[in-house]
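Here is a friendly walk through the fold, from strand pairing to the metal site. Keep the viewer open and follow along.

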Amino acid sequence: MSEICLGIESTAHTFGIGIVDEEGNILYDEKSFYEPPVGEGLTPRKVFEYHAGNVGKIVKGAISREISVVAFSQGPGLPNCLSLGATIARYLSLKLNLPLVGVNHCLAHIEIAKMLTKCKDPVVVYCSGGNTQILALVDGRYRIFGETLDIPIGNAFDMLARILGLSMPGGPKIEELAKSGKWVELPYVVKGMDFSFSGIVTECEKLCKKSVRKEDIAYSFQETCFSMITEATERALAHTEKNEVLVTGGVAANRRFNEMLEIMCKDRGAKLYSVPIKYAGDNGVMIAWTGMKMFKTGITTRLSESQIKKDWRVDEVDVKWT
Ligand code: AMP
Ligand code: MG
């Protein structure tokens with residue numbers, strides 16, 4: 001009989017549950033998203049309270065189905081949000097007598113993108129609200145070739161959105177504004193394979209105070225940040241001699257980002273794969289799918305090992321599947 005995996009995502013702004021079968025068919029996919037008031041970032045207590053008040057109907061809809069394994073986001077993320085998801089997962093596992101699998105959230109962004117795009121062995125560009133990394137699978141682990149030295153790119157988009165008085169999530173609104181913007185000079189911060197965004201946001205704030213057009217700030221911010229990531233990705237491609245690039249995470253929804261990566265890939269004879277927008281941001285399906293892959297290779301998480309790992313890095317996880 002085919003296994004069915006229920007996956008719980010609960011690392012930050014999104015609480016979601018997905019259910020998948022062994023072939024990757026999506027049988028259930030529900031989520032709720034905390035949107036802070038304009039001008040505010042994610043306050044952990046408020047996010048938690050929002051999720052705690054909303055999980056009921058999502059869990060209820062999920063547990064009316066046949067399930068054979070329970071997966072959950074074990075880290076990295078906001079501790080109180082992680083604990084909420086982990087507690088529900090432990091309860092379901094005990095109540096229904098099902099195996100439990102703790103999933104690395106970053107790995108799940110990669111695995112769902114691989115499954116949905118059918119790419120094989122890519123250099124991964126993982127850009128979200130909580131992480132920005134360039135990775136590739138080498139000798140059974142995702143090695144991090146380059147990453148942000150300060151804030152993640154999605155977070156930088158959201159900070160800029162707050163400066164410009166836009167609502168959350170900021171990415172799509174800045175992308176829209178940028179369409180009618182013109183170039184203004186911003187710092188370009190690449191250090192080796194790593195990059196940094198907070199100084200760029202500060203510079204944008206200064207420009208905003210000098211009444212530079214919001215459209216121009218949005219355009220220049222996008223052009224600069226995406227050029228930096230594309231440059232480092234190109235070097236990772238050259239180093240690993242791979243011929244696929246996979247872009248995943250919430251920021252993968254940005255069309256201009258895809259365009260830049262596409263041009264770079266074309267120049268190098270590589271192919272760009274981009275996660276479908278519906279699964280670019282956090283979702284339960286990615287946890288269910290990764291949990292399924294882990295379970296099928298014999299990995300389960302004992303209750304005594306199921307504590308959350310708020311700083312869990314993806315290069316600590318052995319990847320025993322293809
Ligand atoms: P995640 O953390 O993977 O759920 O992704 C959420 C992040 O993606 C947020 O910081 C959003 O601002 C960002 N995001 C979503 N859509 C876009 C977009 N079109 N352009 C840039 N950033 C985006
Ligand atoms: Mg994420």
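In this predicted model, A71 has V101 of β5 as its bridge partner. That pair belongs to the link between β4 (residues 69–75) and β5, two strands that run parallel and are joined by 5 bridges. Both strands sit in an open sheet of 5 strands, ordered β3-β2-β1-β4-β5, with mixed pairing. β3 (26–33) and β5 are the edge strands; each has a single partner, so one side of each is left without a neighbour in the sheet. From one strand to the next, the twist averages 20°.

Helix α3 lies across this sheet, over β1 (4–10), β4 and β5, and runs at about 85° to β5.

Just before β5 (100–104) comes P99, placed in the loop that follows α2 (79–96). Is P99 buried or exposed? Neither word fits: P99 has a relative accessibility of 26%, and therefore counts as partly exposed. Leaving out residues up to four places away in sequence, P99 touches S68, V69, V70, S93, F295 and T300. K214 is another matter: its C-alpha atom is separated from that of P99 by 51 Å, with the two residues 115 apart along the chain.

Now for the other sheet. It is also open, with 5 strands in the order β8-β7-β6-β11-β12 and mixed pairing. Its edge strands, β8 (141–147) and β12 (271–274), each pair on one side only. Neighbouring strands here are turned by 25° against each other on average, ignoring direction. Within this sheet, β6 (residues 123–127) and β11 (residues 244–248) run parallel and are joined by 4 bridges; V123 has V245 as its bridge partner in β11.

Helix α3 (residues 105–117) packs on this sheet too, touching β6, β7 (132–138), β8, β11 and β12. Helix α8 (residues 255–268) lies across β6, β11 and β12. The table gathers the helix directions relative to a strand.

| Helix | Strand | Angle between directions |
|---|---|---|
| α3 | β5 | about 85° |
| α3 | β11 | about 120° |
| α8 | β12 | about 155° |

The chain is divided into domain 1, made of 4–109 + 280–316, and domain 2, spanning 121–278. Their centres, taken over C-alpha atoms, are 26 Å apart. Domain 1 brings 19 residues to the contact and domain 2 brings 22 residues. Between them the two domains bury about 1600 Å², with 57% of that area on carbon and sulfur atoms. Which residues of domain 1 lose the most area to domain 2? They are H109, A280 and D315, which together account for 34% of what that side buries.

H109 turns up again at the metal. The magnesium ion (ligand 2) has H105 (NE2), H109 (NE2) and D282 (OD) as its protein donors, at 2.0 to 2.3 Å. Along the chain, these donors follow the spacing H-x3-H-x172-D. H109 lies in helix α3, while D282 lies in the loop between β12 and α9 (284–296); with their positions 173 residues apart, the pair links distant parts of the chain. Buried or exposed, what are H109 and D282? Both are buried.

Definitions and conventions. Residues are numbered from 1 along each chain as its sequence is written. Chains are lettered from A and ligands numbered from 1 in the order in which they are written. This is a predicted model: local features need pLDDT of at least 70, side-chain atom pairs count only at pLDDT 80 or more; totals for chains, interfaces and linings use all residues. Side-chain values use heavy atoms; hydrogens and water are left out. Two strands pair if DSSP finds at least two bridges between them. Axes are lines fitted to C-alpha atoms, for helices over the stretch in contact, and angles run from 0 to 180 degrees between N-to-C directions. Contact means heavy atoms within 4.5 Å. Buried means under 20% relative accessible area, exposed over 50%, partly exposed in between (1.4 Å probe, protein chains only). Donors are N, O and S atoms within 2.8 Å of the metal (3.2 Å for Na, K and Ca); water is not among the atoms, so sites may look incomplete. Domain bounds come from an automatic or database domain assignment. Buried area is the accessible area (1.4 Å probe) that two parts lose on being put together, summed over both.
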